[in-house]
Amino acid sequence: MGGRSGLDRFLLSGGSGVRVPLGVPYDGLVSRPGCVPSPASLMPRAAGLGSRVFREICAEDDVDLQPTEIESLCMNCYKNGSTRLLLTKIPFFKEIIISSFTCPHCNWSNTEVQSAGRIQEQGVTYTLKVRSKQDLNREVVKADCATTTIPELDFEIPAYTQKGSLSTVEGLIDRAVAGLEQDQPVRQATDPEVAAKIDEFMQKLKKLKDVENEFTLVINDPSGNSFVENPFAPQKDEVLTVTQYKRTAEQDAQLGLKENETKEEEEETPGNDIETLRNEVLVFNTNCPECNAPASTNMKLVQIPHFKEVIIMATNCDNCGHRTNEVKSGGATEELGTRITLRVTDPSDMSRDLLKSETCSVLIPELEFELGMAALGGKFTTLEGLLKDIKELIVSKNPFTCGDSSTPERAEKLEIFGKKIDKIIAGEMEAHIILNDPAGNSYLQNVYAPDPDPEMKIEKYKRTFEQNDDLGLNDMKIEGYREDIITPQ
């Protein structure tokens, strides 16, 4: 057992894990031989059990935390084997279902990971520059709807051609090579020329593991449920770029998402003018991001003094008590970007109101810390609330600080970072909080208003081409667009 990975120890040995409670009925889940229950078939039966079904992953041996074993058909020798199901919850990755099949007759095995959580509001793209062999050891959670590409080799693994996996960068390459090798004997017999080209390409893939030259790994997941490890957390990773984007209509269709309202219903909705919205709290139905139970989201237009109008959305779940809020800018992108620098000298600074838009990054030079755009989404909170959210994101919710992925050095490093955040909140450590928003839609309260704040500096700057590209402004044409319209003769 010493040579197996953490995932193998969970599933193949029957060791630490999470078992569905005995009260969950399994009739109908395996009505046909070989049918492994899907997340969709498990979720209705587990809806009433709440957090008892998806427990956080744990490395300790516990009698009550075991995988569930189900008899199923082996698709290799067509005899009965066994499937182990582990329903667990990983920070940053929500709920997942890990399944492992083994056949005692032909020794065939298969392991896969399926997401049991909700689809995220935005898609995500991870771009990793692999420069050393240490980068090959980065842990990767790849959903089945994610597309993996290596531009240097013009290589792509399309979505839905592989099952979801919990692996490393090296593991993704090995899995791609194994997939290409699978039908090589048949190709060599039927089309030797194609087989020779595939052999040559497989050698190029295997050579990537030597990292003689830098290459790029891109994982594009429209569901937003994939993840690539940052081993330098909480510091910024220079070789890893995370980009969140709005899904296209085609991607929504592939994920099975639907619009809640039709165009006819929107036209029939009365009172949709801006004055009515300012005086009304809109309520629409949604699902809780934690327990997936039905919940309601309230939306309201709010005017912030000495700033502008914003849209605040708040979700409250009656089932599990989870609460969340998000802020969207109610206006257009400003002509100039805004950089706000606050020198924290007193605990009273923690009570300053703060509006962080989705395009705003946060820097704390004393901690050598930078939080990129869209990492925490839009927030309307206080300075103390922002620092607590940063600590929770970097320390508490970091998936690589517990279990087999944790190392003492990394855990100690993050613990020191959390203590420094606590010192800044308590006023025991002076620091500078920098809000850099290229869109100019972020705000920090001036407690001396309308007089200038001696501890706060607000700068306006012209955006770079890259910042305009991130905001999508380079593709917009707001002047002379009628010139491109060709009038038919």
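In this predicted model, the count of cavities of 30 Å³ or more comes to one. Its volume is about 50 Å³. The walls are made up of Thr148, Ile150, Phe155, Ile157, Leu172, Ile173, Ala176, Leu205 and Leu217. Sorted by class, that makes eight nonpolar residues and one polar, with no charged ones. Strand E8 (147-150), strand E9 (155-157) and helix H3 (169-181) each chip in with at least two lining residues, and H3 gives the largest share, with three.

Next come the charged pairs. Side chains of opposite charge can pair when their charged atoms come close. Across the whole structure, 20 salt bridges turn up. One of them joins Glu214 to Arg131, with 3.3 Å between the closest N and O atoms. These two sit 83 residues apart, Glu214 in the loop between helix H5 (192-208) and strand E11 (215-221), and Arg131 in the loop between strand E6 (123-130) and strand E7 (139-142). Glu214 is partly exposed, at 41% relative accessible area, and Arg131 is partly exposed too, at 49%.

Arg410 and Glu229 also form a salt bridge, at 2.8 Å from N to O. Arg410 belongs to helix H10 (residues 408-426), while Glu229 is in the loop between strand E12 (227-228) and strand E13 (240-245), so this pair ties together parts 181 residues apart in sequence. Both Arg410 and Glu229 are buried.

Asp349 and Arg352 make another salt bridge, at 3.2 Å from N to O, and both of these residues are buried as well. Finally, Asp135, Arg138 and Asp237 are joined into one network by salt bridges that share partners.

Technical notes. Residues are numbered from 1 along each chain as its sequence is written. This is a predicted model: local features need pLDDT of at least 70, side-chain atom pairs count only at pLDDT 80 or more; totals for chains, interfaces and linings use all residues. Side-chain values use heavy atoms; hydrogens and water are left out. On a 1 Å grid over the protein atoms alone, a cavity is a set of points where a 1.4 Å probe fits but cannot get out, and a pocket is an open set with protein on both sides within 12 Å along at least five of seven lines; lining residues have an atom within 4 Å of a point. Grid points are joined across faces, edges and corners, and a volume is the space filled by probe spheres set on the points. Helices (H or I, at least four residues) and strands (E, at least two) are DSSP runs, numbered from the N terminus. Ala, Val, Leu, Ile, Met, Phe, Trp, Tyr, Cys and Pro count as nonpolar, Asp, Glu, Lys and Arg as charged, and the others, Gly among them, as polar. A salt bridge is a side-chain nitrogen of Lys or Arg within 4 Å of a carboxyl oxygen of Asp or Glu. Buried means under 20% relative accessible area, exposed over 50%, partly exposed in between (1.4 Å probe, protein chains only).
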